[in-house]
Structure formats: structure tokens, C-alpha cells
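Here are my notes for a colleague going through this model, set out as numbered points. They deal with the relation between copies, the contacts between them, one sheet and the domains.

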Number of protein chains: 6
Amino acid sequence: MRLLIVNPNTSADMTATILATAKVAAGPGVQVDACNPLRGPASVEGQFDEVVSAYCTLETVLPIADQYDGIVLACYGHHPVIGALREALDQPVLGIMEASILHALPLGDRFSIVTSSPRWCPLLEEGVRALGVEQRCASVRSSGLAVLDIAALSEDEVVARLCAEARAAVEQDGAEVICLGCGGMAGLEQAVSEAAGVPVIDGVRAATILVRGLVEAGGRTSKRNRYRRIEPQPAPGLPASIARSYGGDRF
Amino acid sequence: MRLLIVNPNTSADMTATILATAKVAAGPGVQVDACNPLRGPASVEGQFDEVVSAYCTLETVLPIADQYDGIVLACYGHHPVIGALREALDQPVLGIMEASILHALPLGDRFSIVTSSPRWCPLLEEGVRALGVEQRCASVRSSGLAVLDIAALSEDEVVARLCAEARAAVEQDGAEVICLGCGGMAGLEQAVSEAAGVPVIDGVRAATILVRGLVEAGGRTSKRNRYRRIEPQPAPGLPASIARSYGGDRF
Amino acid sequence: MRLLIVNPNTSADMTATILATAKVAAGPGVQVDACNPLRGPASVEGQFDEVVSAYCTLETVLPIADQYDGIVLACYGHHPVIGALREALDQPVLGIMEASILHALPLGDRFSIVTSSPRWCPLLEEGVRALGVEQRCASVRSSGLAVLDIAALSEDEVVARLCAEARAAVEQDGAEVICLGCGGMAGLEQAVSEAAGVPVIDGVRAATILVRGLVEAGGRTSKRNRYRRIEPQPAPGLPASIARSYGGDRF
Amino acid sequence: MRLLIVNPNTSADMTATILATAKVAAGPGVQVDACNPLRGPASVEGQFDEVVSAYCTLETVLPIADQYDGIVLACYGHHPVIGALREALDQPVLGIMEASILHALPLGDRFSIVTSSPRWCPLLEEGVRALGVEQRCASVRSSGLAVLDIAALSEDEVVARLCAEARAAVEQDGAEVICLGCGGMAGLEQAVSEAAGVPVIDGVRAATILVRGLVEAGGRTSKRNRYRRIEPQPAPGLPASIARSYGGDRF
Amino acid sequence: MRLLIVNPNTSADMTATILATAKVAAGPGVQVDACNPLRGPASVEGQFDEVVSAYCTLETVLPIADQYDGIVLACYGHHPVIGALREALDQPVLGIMEASILHALPLGDRFSIVTSSPRWCPLLEEGVRALGVEQRCASVRSSGLAVLDIAALSEDEVVARLCAEARAAVEQDGAEVICLGCGGMAGLEQAVSEAAGVPVIDGVRAATILVRGLVEAGGRTSKRNRYRRIEPQPAPGLPASIARSYGGDRF
Amino acid sequence: MRLLIVNPNTSADMTATILATAKVAAGPGVQVDACNPLRGPASVEGQFDEVVSAYCTLETVLPIADQYDGIVLACYGHHPVIGALREALDQPVLGIMEASILHALPLGDRFSIVTSSPRWCPLLEEGVRALGVEQRCASVRSSGLAVLDIAALSEDEVVARLCAEARAAVEQDGAEVICLGCGGMAGLEQAVSEAAGVPVIDGVRAATILVRGLVEAGGRTSKRNRYRRIEPQPAPGLPASIARSYGGDRF
């Protein structure tokens, strides 16, 4: 089995970190590769960044996607490239936010997401609604950290901030499970779990395990309604990587 | 007052049609211009097209946006470029789906959307949920027409198909108002209204009138939470039109 | 175009204030008149007042309604006379609560209402639910002011109370737009907006602009289901103004 | 114990029918009286009728309300006079729609309402939402009968129409209990129950039994928030029956 | 009329207390008996206890159920034996949580439940959702008391703890009615009501009154869908009390 | 890793079938055992059966649970023993209904469940609500087959019935993924998928893969709130297997 972990921002360091986590999670016998776009924002911090990074991610992923049995989109949120890739491809495509929630649901009644910067809170709340699981969500909380801070600050500082928010989610909001709301938080589960006294889920690990399981189970993206195949049509001026999805030189 | 009507697909014919509708709706004393991207799909038929057209639309709109007091995004749906433009700009930005619903709500208890191709139904249903108004939505129905069919077929055929679905929405689903779910349906309101016996809303007309009103009322996009300003950051490899929004040469 | 602004309480001073706001909002070329019932409570502070003022408002409005193209009901809330007038009339009828929300929705993800006395909070919360937009509502907050206090207190005091609640709505509840929840708060938008750092909507202004736009767009109240025409029937003992709607002397 | 059954329309025949049902339901040892306004529509068929009949009902009920321990409002729907009476009075006030639902909930998972004319469907659906029990409601169905038809047609015809709709509610909508959606349908429970094969609830009977139970349990309307006492204030031109609730000659 | 009050735990003292409350509530002319299982937990404190006590309760109740016209399950919560008994029996079966809510709904807009130990909060919240009335629920609060504490502590201490939580529910959560969330709290309504300033409902009293009323109204559990009759089938190894429900020696 | 597959009914044949499916799903390196209670109904067909089988399942599972790293409850539905086991144990416990939904969610927007007998429909609908994912559920449909029919009928007949319902779910209800709503349907995925044209999920396979993944990820049941540890207390008359969970001879 071959899995592709896609980091939609241009930070190669983050890609490397995510890949390391995913390789451990996938276990032996699964080949795991990672990629990121060469163009676009260094960090996805809002809807503008989502739109820009989604396009640049398509440029990078579409030419190589056929080599993989399953794809993980390693940006915590309801990133629009997830839907675009599900239309363009047949194999399972899983976002790390969705995956962390799917792993949280059987372990407790309600989960909270502890994310990086406060600007993500309304977007993640909308993401939870888009997944249709808002009744199971106790809260979305920001640790006040920008995504790139997580790499820049000492791990102790980052962990202390996350632990404080996780405890607040448990004690004030009634969270029974915590989802770490950023691809760059992998590896901090145990420390946060000890501080908060509840299970803690990392989305990269959860997504890798889940997509591997979906592939084993023969899962394919449904081509009815929401993720129907792309309509072939004229689409001038696009790079070949994207134009091919529109039927390429047929128009 | 200057308004910009943005067609996110590359069909210049459709842009011209939409502009004509918007000019009539805006009335005297308002300058209305229209544009569309030069690259990208001829029609937006799904999430892949949304992502591609959103990026191409930013390339076209960002350099000229400052000249306008309000912006209409003339693609029927919860297009991701709406959120991106709201982050990038201060003036009101209104999508035609949102606008048609805002005009429908005071005229009846429940509205239905009659759209073009069936693949739009799940996307529009999610759009209605994202707007938080699903309790007021009686149904989303497809007329079975592709977007470009609407230009290609005789108007009689198009109208007949729309009227049949609109009547079904009223009689079977309980719709009290019909929203025409495609930017290319402008001008058909009266015919459909006579067939269905209820008010019919065209999104381009509604959006133009609503954005004009928001501008008159001094409305500005809120910069708290959901539409906070774009975070300046390194964003390599992007065209100047988009890079400028990231702080340009500061990185 | 002729618009009628209806104040359902008997305070002629408030009617004059509201009319002044509406005239400015309507702009040139629109005739704006206002009226209030001669009988009934000086202020609408609850459901009992709603029922009494609704009846008295019908006595006043029905005889003159045909002279107008659109009607604004200038009481902040889900006032029962709105539905009654929509049944009795064909032209658009807009309440100022509904209008303020329709103007708030495109400017941010979630709005809060800052109203006058605490007794309005549960009624406005039910009004928000009746409009089906509760997912977009961050909170309903009371400034602790009775409606008539707003006229009685110094403007500075009123503004200070409203600003404090608006800031709390933004900082504690996540509001991105504030709706002023009382017809008597018109003119305070700018002061509150500066204090709270988000757009602020006055319902009288929003309703006047919106109803003008609906009239321009040819909008009519749907006569299917919810706002069907009044059933002619015997209705003894009623004043002529109301009896006429039942078919008058036919029974 | 003394109970007052209030018919808000002016049909004395219907008042007598309802009273007979209520007396049987209340059983021995409870005095049951009934009244209806002398002015207003013969039948409540929409929101305009609700507003008019609510005012006229207040004129009739307020002068005598203190003599009763509990009050039933015998109009099937979310009639605005219910809230007005709850503000004006301390003893329990129960509508027959609410009562029929409270009796239906423990007998099955989902109920349907079979009402008279189709115009009631959207109003009853909103009433179900206002009660917050829409998840338990399978459907609201109209028998196509106007309220006064129920008295005019032969009982056989009425019963046949109701049975057909009740069966459809059970077989097509999944209803497990049927609520008869009109005060004039009392006495038809058994016939409809036999036809539909599920329990059938009459609102007048349910409301009488429930309000008697609430009185026995010492139940009083809560005076916090939603049903706070009426604010004393100037309220010119009102009849003494209503003016008294505003503090009467104090203003 | 004969009513059976079922305490699903093995505390005979609590059974006696509940029976005393129920007898007073039922009034003259109604025979009220009570029972509890001889095996199982002394107190129901969670889902494990629910499962164990449900089975043991069936052993006790099934052999005698036919002698009764109505049954009250006196454990505050969405206890699984309620559904099992509704399948097994025809007469009305009412839980005390459901009953307290049905009595609270007409007395105010929103209710809060003040329960014993904190572990009940998530279960009662799910129970409120299962009843489909979560929109009317302001909060579920724990007094920090274990069920058996309520018997062990001085009444003054118990009352003080309950009053503090009830006041918090009213002042912070907007509750207009309080439901006492434990069968052992009967008799404390007045003290809590005086402290909190709102009506207070005891579930045992409410359930007894309500089931008596349902029996008077001829109410039977619907045998469509949710509470269909038990399917006769082989069920080896079960005691006769339970085996009989499966068709006994037929298999 | 050791996984235990629990069939809560007494049909040893079904246990063997389920075990075979689970072994294939778990893959090499995972030991999979299965068990079923020796007492109780041969098939779980409703809430009465759930209560009886839950108790009997505890008798069987509790003595051996410590030997396993993860547990699958192989009854399609919101079976009460799932919550009881989550309280009693620390390792992940997964029901096959929940698992099938977790595998369906990333593959399409909306899923339908095709179950065996019609009596399961309302229970599965409540189960979907209890999981908080009703917005993603297109429908719950019955194939009209009793659970044991699935073993008794020819596979061709069973498959034909399931395919017909699956097609109806896709074409009439908008399902994009089908969940097979019965533990005895394993192995039919491919046939149904070909007939319906969408992915089809078997709960036993999904649950085995998911619980294996949760164990690999270090997942433990949260002991906050909903699944807190069982309260030690007197619990007379219970078999040792169950009594031990209450602290055994300490009381």
C-alpha cells in the first residue's frame, strides 16, 4: 500500500515533521510519501490562504496522485482542496481534522479541538458543522499560538499553552476527548493527555491509520452527488497538471 | 457608487448577460462594471471548479477591487472566493445565492432553489446549511440543465423545465418563494412566477440591489474572527496580484 | 415609491424619530410616511403588549395601507402584526428585527442583538428561532434600559450602556456584527461601532433600505401557505377598518 | 377546582361542544366553565384572525380570570393570546395544541397532527418548532376541511376524511400517535384510532386533564423572563378590561 | 384505577419514600403500589447500573404488571427499562424525568434539571436530546450529591445545595422552571422554589398525576414502530418471568 | 494485539460467521476471538431484547474482557451494553453501527442504512441521533427481512432484497454510501455496491479495522463524564461476573 501525505502549505520543515509522524503511524509494509506545493503561503491561516493553497496543491498533487492508494490532507480544517481532490480522484482522501474527530467519537461523548491561532476558531466551528457533528463538539479553543510559532517556541512553552487550554476544555466545556487542532502538534499527545486527564488525538496519526484502514476495506470515494466526476469542459490558460482533469486537449 | 460584478468562470458571454441584468437592477447613479478571469473553467460545476476558479478570480479581481464600493460574486453557490475576498477587502461582498435567499426570506416562510444540473444539489444544500438557514429551505431541485445549456437551449425549453420544477417545489415541497439557482437564469423570473404562482427571485438582481443598499447604509465587512485580515507571511511563487495581499516584498 | 413606517406603540415622539431616520435612509425620490395607533401601550414590552398593539395597529394601518408600495413595522421583535399584515396585504412588509439581521448576515459570520430591557431577551431569542437563523446568532443581550429610558436618559448614558454590552457581545460571545435591538436606538450606530470594533446595524435604516429594494425588485408577499389571503367569514362587532378584511357586509 | 375553557372565536356552538368535552374530561369535583369573545372572527383561520381574536379574547377573559384555578385556550395552534394570558395571570394556561402533544409524547416516538384546512399546516409547523418538539413530529397534515365544515358536514364524511389522513400519517410519515388538530374534532378519537391503528389524542380532553393535574401539583406560571408580569405604563384608549392590566388609572 | 410505581434500584427505603409521594399525588380513588427489584445495585449511577437494574426490574415487574392500569418508572433519566416495558405492555409507562419535563414545559420557556451526582449530567443531557426537547432545556446541573447522600445528609444540607444550584440555573442559565433530577428529592419543591423564585417540579409527583391522566384519557402505548410488540423467538436460559414475553414454552 | 468480537445474541452460528469476517478484516498478527451469551434471545429485535441481551452479555464478557486490547459489539444499533462496557473497561469498545458510519462519512456526503426488519428503523434513527450524525444520514430503510431470515433465505433472495432497498436509498433519498444494517450481512458488500453504484460498508469489517487502529493509536475510553468508572456500591443478588464490577465483597 502507498499513502501520500499532502501538506498544503510551503513549509518543507512541517512536511518533514508530518511525514515522520505518518510513517510511524502507518507501520511496516506501508509506503508513505509526503509532498507540499512549491508556491503559496507558508502557513494556512484563513480562507484566502485556503483558496490560494488549494490551487497550488492541485498543481503538485494531481500529477502524482495515481501512484497512491490513499491520500491524507494534512491541514487541520475543512480545507476546500479536500472536496476538489475527492472529485478528481477515486481513492480515499482524508483530512486530518475529520480524521481526528472520527477517532475521538468512540472514546467519549464530546470532544474539544485545541487549535493554534484564534482566527481558526470560527473556521473550525464551521468545519465541525460541515461535518455534521456539532452536537458532539464541546468547544473549539485557541491556544493563542500561530502555526509557525509551534515550530519557533520551545516545546515546553507550546506544551504548557496547549495543556492549559485542554484542561479548560475538560473542566469548563465538558470535553471528554481532546483533538489537537494543528498538523504541527503531532507528538504532544501524551503530555497533553496527562495534563488534561482525557485521551488526546493527533490528526496526522489518526488520518494515516484511518486511510490505511479504508484502503484495506476497499473503500472508494462515492461518485454520486457530492463528489461526482469533474465535468469535462473548456478551461483555458491552466497548467497541464490541472487542465488534464478537464479533459485536457479535447477542448 | 461603483459596483463590481464578478463572474468567476471564463464565459465572457455570461459576464455580459449578468452585467446587463445588474445595470438595470442598480438603477441610475450607480456605475456597474463586470469582469471574469481569463483562465479557468468555462463553467463552475463542482468543488474542483470552485477551487480553480477561485484562484483565477483572485488574480483578476484583487488588482481592481479598490476602485469599487461593493462587490457581487455572480456564481450561485457557497463559492470559496467569497470568503477569500471578504478577508482581503473591506467593502461588502455578496454572493448571488446568499442574496437571493435574503430577498426570499421576507416574502414567504419557506423557499426552494431551482438550479441547473443535479450535481449542484448537494453543494447548494451544504451552502444553505453554511448560511444557517436550512429551516427556511423547502428544497433544492435540479432542472436537469447544465449551466451552459441555459444559453444553448431555446428560452422556451429552458423556461418549461424551470417552470415544471418550480411548480413541483411549490406543490410537493411547500415552497412559498422560488430562488433561481443559476446566474444565467436572470430575466426568467416573471415566466416562472406565473407558472408557479409564487414570487421568484433572481440572484443577480437581488445581489445588486442588496449590495447597493449595504453600501448606502455604510456597511463594511467585519474584521473580527471569520473575516480577519490576511496574515502577512512568506508566500513564494505567487503572481504579484495575489502576493500583494501577503505583504508582497516584505518577505 | 411610497413607503409607510408603522410604529405599533402610541408614542408619537418615537414615531417622529423613526420617520426622520427612515427618510434619510430612503433617499431622494421615495415618499416616506409614518403612523402609530391612537390606542394601546406607549411601549411594547412583552407579549401582552404585542397582542394589544397588534390589534390597535390594524385599526390604524388597514385603512391607509393601499396607498403604499411597502411597509416597515418598526418594533424590534417578532411582532404578531407582521404576519397579520402579510396576510392582509400584497406589498412587502418588513419588521426591523428581521431587516437588521438580513443586513448583518453578509457582513460577518455571527451577530448579536443588544436590546433594551431584559424582558425582551427571551422574546428576541424566540424571534431569532422563528426566523430560522439561530445558528448565526452569537447572543441576545440586554442593556438594562427600558424602551422609554432611551428617550429619557442623556444620550451619553444610553451610548455608554450600549457600548459596554456590544463590547461584551464581541469579546465574550464572538459577535462579529451588532444589531441594535430597539427602534429608538437609530443614530447610535457609529458610536457603538467605534466602541465595539465591528459593524453595527440599525433596524429602521436597514428595513427602509431593504423594503425599498424589494419594491424595486418587484417583490410581493407570497400568497401560498403561510401568508394566504384572509378567509372571508362572519366577524361580528369589529370596527369597519378590520371588518373590511373579512369581507365586510357580505356576512 | 374551577377551570375556564376559552374558545377564542365567536362561534357559541363550538364553545358549547368544547365545554361538554371538557366537563367529561375534568370528572367530578371540578367546576368547568367556558366562554368566547362576543366580537371577532367566527373561526380562527390564520395569523390575522389570531391577532384580532386575541384582543377580543382578552376583553372577555381578563375580567373573569381571577375566579379560575386554571385556563385552557381551546384553539389548536400557537395562538398569541396564550403568551399574553401567561403574562397577565399566575395560574396555569394551557393551549390545546401544546396539551395534545404533551399527551402524545409518552405514548410513541413520533406524532402527527391531522388538522382542518391546509392553511393551518405552516402555522402548526411553526407552532411545533416554537414548542421545541419538531424532532418528535412526523408530519402535519390537512384533512382539507375548513373548521366550520366540521360542524356542517355529516360526521361520517368528516370522520372518513380524517381517517384517510391519519392512515397516511402512520403509513407514509411514520406517525405512532395522531393528534387531532382542531378543537372541533373532539369525540372522534375512537373512530380515527380504529382506522389508523394508533392512539389518537383530542386536545380539549388532554388540556383539561393536564391543567387539572398542574393545578393539583401546585403549578404556577413562571414569572421569570418569558412570562414576566406586564409592565405598568400609559396605554390610552383601551377598554377597562384591558387597561386594568396596565395599572389602569395610575397613568 | 391501579398504578404501579417502580423503583429500579434495590433500596427499599427509597421505594417507601417514593410510594408515599405518589399516593399523595394520586389522590383518593386511585390505588398506588410500589415495588423494586430484589437484586441489583442499590442506586443507579450510570449506564452499567442501568443495564443491570433494567434486567432485574423486568424480573420483578413483568409478573405483576397486568394488575395495573399505568406504570411509573421512578428513576430520573432515560432508563432503558422504560422502552423495554413499553414494548412488553400496553398500558402507559412514564419515566419521572420525562414527566417532570412535561409538567415544566407549559409553565415557562426553559427548564433546568438540578440532579444529584455530576456523573448524571451527560446522561441527562442525552436523555433530554432523546426526548427531543433540548431547545427548551437551559441546563443540567449537578448539586454534587450522590443519590444515597440525599437520604444520609441532613435535609437542611441537601436543601441548601439544591437551592444554590437552582438559583445558579435561574440567574446564569436563564431557567424559568426547575426540575428536581432525582427520585429522592420529592418534598423539597417548596423550599427550592422559594429560594430560586421559579416553579419547581418533582418527577414522582408529576409522573403519578400524568399517568393517572393518561389512563383517564384512555391512553395506550402505540404499537407502531418504536414500541412494537416483542417478537416471539427462542430465548434460552431465562427466568420464567422474562421468558414468558418471548412466547415461553413455544420455543 | 487481541480483539474480542461480542455477539450479544445466543445464535452461535451468527457468532461464527461474524468471527470469520472479523478475522479476515483484522489481518495477520492480530488474534481475534468471538463470544456470545449462553442465555437470552436468539436475535436482538427491539429494546426489550436489548435490555435482556445486555445483561446476559455482561455475564459472558466481563470475566474475559481483561485479556483483550479492544472489543467490538457486533449488534447493529445503539445497544445499551456498549455504554455499560465503556464504563466497566478501559480499552476501546466499538459498536458495528457506529463503526460503519465512521467508515462511511469520509467516502460521501450522506449515507443510508439498509437494515433487516422494519422494527429496527425507529431504533436506528434514534441511534443515528444519539451519535449526533443525523445531518449526514439520508435514510434508514428496511429490507423487510428478519435477522434470522438472512441466514434462512437463499443468498440470492437476500441480496436481491438488499439491492432493491440500496438502489432506492441512492435514487430516492440521495444516499452516496450504503451501510449494511445487520451483523449478518457481512460478505454482501460487493453485490450491493454493484447494484447501487455506491460504496457499501459492512459494520463488522469496519469495526474490526477501526478498533485495531484505535488500539494502535493508543486510544483508551475517556473516563470523564459519560463513561466514568462504575461507582462501587452494594449490589445484592448478582452473579460474581457482574458483582465484581461493583467492588464485589467489599459491600
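1. Before the copies are compared, a definition is needed: they are superposed by least squares on the C-alpha atoms of residues with pLDDT of at least 70 in both. That threshold applies here since this is a predicted model.

2. On that basis, a turn of 180° together with a shift of 0.0 Å along the axis lays chain C on chain D with an RMSD of 0.0 Å. The two copies are therefore related as by a two-fold rotation axis.

3. As for the contact between these copies, 42 residues of chain C are in contact with 42 residues of chain D. On the side of chain C that touches chain D, helix H2 (47–61), helix H3 (80–88) and helix H5 (120–130) of chain C are the elements that give two or more residues, and H2(C) gives the most, with 8 residues. Divided by class, the residues of this side of chain C are 23 nonpolar, 10 polar and 9 charged.

4. Which surface does each copy use where chain C and chain D meet? Since 100% of the interface residues of chain C are also interface residues in chain D, the copies meet through the same surface.

5. Turning to the fold within chain C, 4 strands form an open sheet with parallel pairing, in the order S2-S1-S3-S4. Strand S2 (31–35) and strand S4 (93–95) of chain C are the edge strands, each of which pairs on one side only, and neighbouring strands of this sheet are turned against each other by 20° on average, with direction ignored.

6. Within that sheet, strand S1 (residues 2–6) of chain C runs parallel to S2(C) and is joined to S2(C) by 5 bridges; Leu3(C) stands opposite Val32(C) in S2(C). Helix H1 (residues 12–26) of chain C lies across S1, S2 and strand S3 (70–73) of chain C, and runs at about 165° to S2(C).

7. For chain A, the domain assignment gives domain 1 (2–96 + 206–250) and domain 2 (98–202), whose centres, taken over C-alpha atoms, are separated by 23 Å. Across the boundary, 21 residues of domain 1 of chain A are in contact with 25 residues of domain 2 of chain A.

8. On the side of domain 1 of chain A that touches domain 2 of chain A, helix H1 (12–26), strand S4 (93–95) and helix H9 (203–216) of chain A each supply at least two residues. The largest share of this side, 5 residues, comes from H1(A), and by class the side has 11 nonpolar, 8 polar and 2 charged residues.

Definitions and conventions: Residues are numbered from 1 along each chain as its sequence is written. Chains are lettered from A and ligands numbered from 1 in the order in which they are written. This is a predicted model: local features need pLDDT of at least 70, side-chain atom pairs count only at pLDDT 80 or more; totals for chains, interfaces and linings use all residues. Domain bounds come from an automatic or database domain assignment. Two residues are in contact if their C-beta atoms, placed from the backbone, lie within 7 Å. Ala, Val, Leu, Ile, Met, Phe, Trp, Tyr, Cys and Pro count as nonpolar, Asp, Glu, Lys and Arg as charged, and the others, Gly among them, as polar. Two strands pair if DSSP finds at least two bridges between them. Axes are lines fitted to C-alpha atoms, for helices over the stretch in contact, and angles run from 0 to 180 degrees between N-to-C directions.
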